[in-house]
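Trainee: Please pick one small part of this model and look at it closely with me. After that, work outward to whatever surrounds it in the chain.

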Amino acid sequence: MADKYHHGNSPAAWTAVLIIFIGTGVGSAYTIMAQPLGVVAGGVIIALGGIAGLVLKGMGFGQQQVPASAAHVAKAKVRAGSAKTADVTAGAAGTDPEPEQATVGG
């Protein structure tokens, strides 16, 4: 199942996390200095990070969907009860029931 998802490795996710990280730092610094308005400003920056991530995802910079392989479709059918377990253990359409995960360099 992990090969279907990229675990948030997208420009939208990275941007959101970076902004949220900065907001957390701002809020933490002002918490130590006992400045409530600075803490609120950090919270606003955190909220803006989430909004920026959603906007970028809406613009197409989010995670791209990867189509499911035949083995995953066969497993889903078994879980739903519409196929026999022997079909999955023997492999769907002659493929390995547990395909190797593709590694993403970075």
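Mentor: A34 is exposed, with a relative accessible area of 59%; the cut-offs are under 20% for buried, over 50% for exposed and partly exposed in between, using a 1.4 Å probe and protein chains only. Keep in mind that this is a predicted model, where local features need pLDDT of at least 70, side-chain atom pairs count only at 80 or more, and totals for chains, interfaces and linings use all residues. Numbering runs from 1 along each chain as its sequence is written, and side-chain values use heavy atoms, leaving out hydrogens and water.

You'll find A34 in the loop between α1 and α2 (36–61). Helices here are DSSP runs of H or I with at least four residues, strands are E runs of at least two, and both are numbered from the N terminus. The backbone is the fun bit: A34 has a positive phi, near 60°, and isn't a glycine. Most residues other than glycine have a negative phi.

Just past that loop, α2 has 26 residues, which at 1.5 Å a residue should span 38 Å, and the 35 Å between its end C-alpha atoms agrees. That expected span is 1.5 Å times one less than the number of residues. Its buried residues are G38, G42, G49, G53 and L56, and they pack against α1.

Now for the surface: V40, V44, L48, I51, V55, M59 and F61 make up a nonpolar patch with about 660 Å² of accessible area together. Patch members have over 30% relative accessible area and no salt bridge; nonpolar side chains (Val, Leu, Ile, Met, Phe, Trp, Tyr) are joined within 5 Å, like charges within 9 Å. A salt bridge puts a side-chain nitrogen of Lys or Arg within 4 Å of a carboxyl oxygen of Asp or Glu. One of the patch members, I51, lies in α2 and is partly exposed at 48%.

F61 turns up again with S10, which sits in the segment before α1 (11–32). S10 is buried, at 7%. Neighbours within four places in sequence aside, S10 is in contact (heavy atoms within 4.5 Å) with F61, G62 and Q63.

Zooming out, the chain has four helices and zero strands. Of its 106 residues, 17% are buried. For contacts between residues at least 6 apart in sequence, 58% join residues at least 24 apart.

Notes
Areas by Shrake-Rupley, 256 points an atom, 1.4 Å probe, with all protein chains shown as cover.
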